[in-house]
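Work through the exercises below with the sequence and the model side by side. Try each task before reading its solution.

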Amino acid sequence: AISPKRSSLGSGSFASHTSRTMENRFGAHKMPLVLLMLLGLLPMIALMPPYVTSYTLDATVAKRPVPHPHRGVIPKFEFAAKPEVELTQKDMDKIGHGELWKRAWESNGIGGGVAVRDIAAPRDMVFDQVAKIEEYVGKVPFLNSLRIYDKKKEGEEVVEKAEYHLKIAPMLSYGYFLEHHINKHLGILHFFLDYDRKSDFDDMQGKWFLENHPSKAGWTRAWYQIDMSLPRRMPKAIRSLLTSQGLASAIEWVKTASEEQVLSLHGRTGDGGGAVAAHFTASALPVGWFSVGLLLLGGFALSASAALRCARGAREVARQPTLATAVGPVAVVEPAGGLELKRAEPFLQQ
């Protein structure tokens, strides 16, 4: 055992006093490990405010809307045109076999992409799923609430403006305002930010283009295109969730809802080729939650590791009181014996 020595700093042992103080803190009171973990999470919480928007649906916003900082930075899609993308024969075969085809990109801070998938339901039925904006909640992944605040008809087009609230995680939510231009005859829904109101996203626009399947009667080929300009400091996992993974989740919820409606009405697919499986196929949703969860889990793991190291160090201090007696790089009280000094080195370095 190491016998405490008196230091030359005055009456009593500085080493004993220091070790008793730390023993009281870590030994007698047993600081909870959970508290140490929470302290470890403080750096993460400090970094979160730039990414987190505390967004609430407030009736006063409709009375005194704050305009968006600009009137659009993304070039507008041509309304009546199919999304411009080159598909190879291999791509067409993939789509023809019922698989999802998508292509995503990011350039100059703008992320976007196109997705295509065949749906076993008539075009009008699929279009109703897309055009009934008021029914999006419960279908669109992460959509917590939606409120339509303006609606009018311009010829064959219906123009609707709606307020969206996405809740990606308990402390991570975004709000934005969209203007929708809907033309059922053409099978098109084009949307972009309502620039008369301030949104959390810098810019956004998208388009649904629905056409009758070229070879399967009663089926629809759905095209979905999206471009987004997101805050530069937004975490990469969230950017991917809203762009690349968002392509898959958007077209999948429309496919699921449309085919379930066919099943409920007829009990079979659009061309009578078998039953539609009633399942939730928003395949990007678990991936999206995994990405967000991975960020939080990583921070928690680091915090837990730091807390365990701290607790281990505290117990070591309680067992070897003289080891805590260091002022700067020089120990005030030297342990007795070279062997004990060698044992002390790893802890002092740590």
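The exercises cover a helix, a strand and its partners, some charged pairs and one aromatic residue.

This is a predicted model, in which local features need pLDDT of at least 70, side-chain atom pairs count only at pLDDT 80 or more, and totals for chains, interfaces and linings use all residues. Residues are numbered from 1 along each chain as its sequence is written, and side-chain values use heavy atoms, with hydrogens and water left out.

**Exercise 1. Decide how enclosed helix H5 (residues 123-131) is.**

Step 1. Fix the terms. Helices (H or I, at least four residues) and strands (E, at least two) are DSSP runs, numbered from the N terminus. Buried means under 20% relative accessible area, exposed over 50%, and partly exposed in between (1.4 Å probe, protein chains only).

Step 2. List the buried residues of H5. They are Arg123, Met125, Val126, Phe127, Gln129, Val130 and Ala131.

Step 3. Conclude. Seven of the nine residues are buried, so H5 is largely enclosed by the rest of the structure.

**Exercise 2. Find what surrounds the charged side chain of Arg123.**

Step 1. Look for a salt bridge (a side-chain nitrogen of Lys or Arg within 4 Å of a carboxyl oxygen of Asp or Glu). Arg123 is buried yet has none. The nearest side chain of opposite charge is Asp124, 4.5 Å away. For charge, Lys and Arg count as positive and Asp and Glu as negative; His and the chain ends are not counted.

Step 2. Check the backbone. The Arg123 side chain reaches the backbone oxygen of His185 at 3.0 Å.

Step 3. Add the contacts (heavy atoms within 4.5 Å). Leaving out residues up to four places away in sequence, Arg123 touches several residues, including Lys184, Leu210, Glu211 and Thr220.

**Exercise 3. Place strand E8 (residues 220-229) among its neighbours.**

Step 1. Check burial. Ten of its ten residues are buried.

Step 2. Sort the side chains. In a regular strand they alternate between the two faces of the sheet. Thr220, Ala222, Tyr224, Ile226 and Met228 point one way from E8, while Arg221, Trp223, Gln225, Asp227 and Ser229 point the other way.

Step 3. Find the partners. Two strands pair if DSSP finds at least two bridges between them. Strand E2 (residues 110-119) runs antiparallel to E8, joined by ten bridges. Strand E7 (residues 203-212) is also antiparallel to E8, again with ten bridges.

**Exercise 4. Which side chains meet in a salt bridge with Asp118, Arg103 and Arg197?**

Step 1. Start with the total. The structure holds 13 salt bridges.

Step 2. Take Asp118. Its side chain meets that of Arg221 at 2.7 Å, N to O. This pair links strand E2 to strand E8, 103 residues apart. Both Asp118 and Arg221 are buried. They are also bridge partners in the strand pairing.

Step 3. Take Arg103. Its partner is Asp91, at 3.9 Å, N to O. Arg103 lies in strand E1 (residues 101-107) and Asp91 in helix H4 (residues 89-96), twelve residues apart. Arg103 is partly exposed at 35% relative accessible area, whereas Asp91 is buried at 12%.

Step 4. Take Arg197. Its partner is Asp194, with the closest N and O atoms 3.7 Å apart. Arg197 counts as buried at 10%, and Asp194 is buried at 3%.

**Exercise 5. Is Phe209 buried or exposed, and which residue in E8 is its bridge partner?**

Step 1. Locate Phe209. It sits in strand E7.

Step 2. Read its accessibility. Phe209 has a relative accessible area of 11%, so it is buried.

Step 3. Name the partner. It is Trp223.

Step 4. Compare sequence and space. Phe209 and Ala222 are 13 residues apart in sequence and 6.1 Å apart in space, C-alpha to C-alpha.

Technical notes:
Polar contact = N/O pair within 3.5 Å; in protein donor to acceptor, adjacent residues only side chain to side chain.
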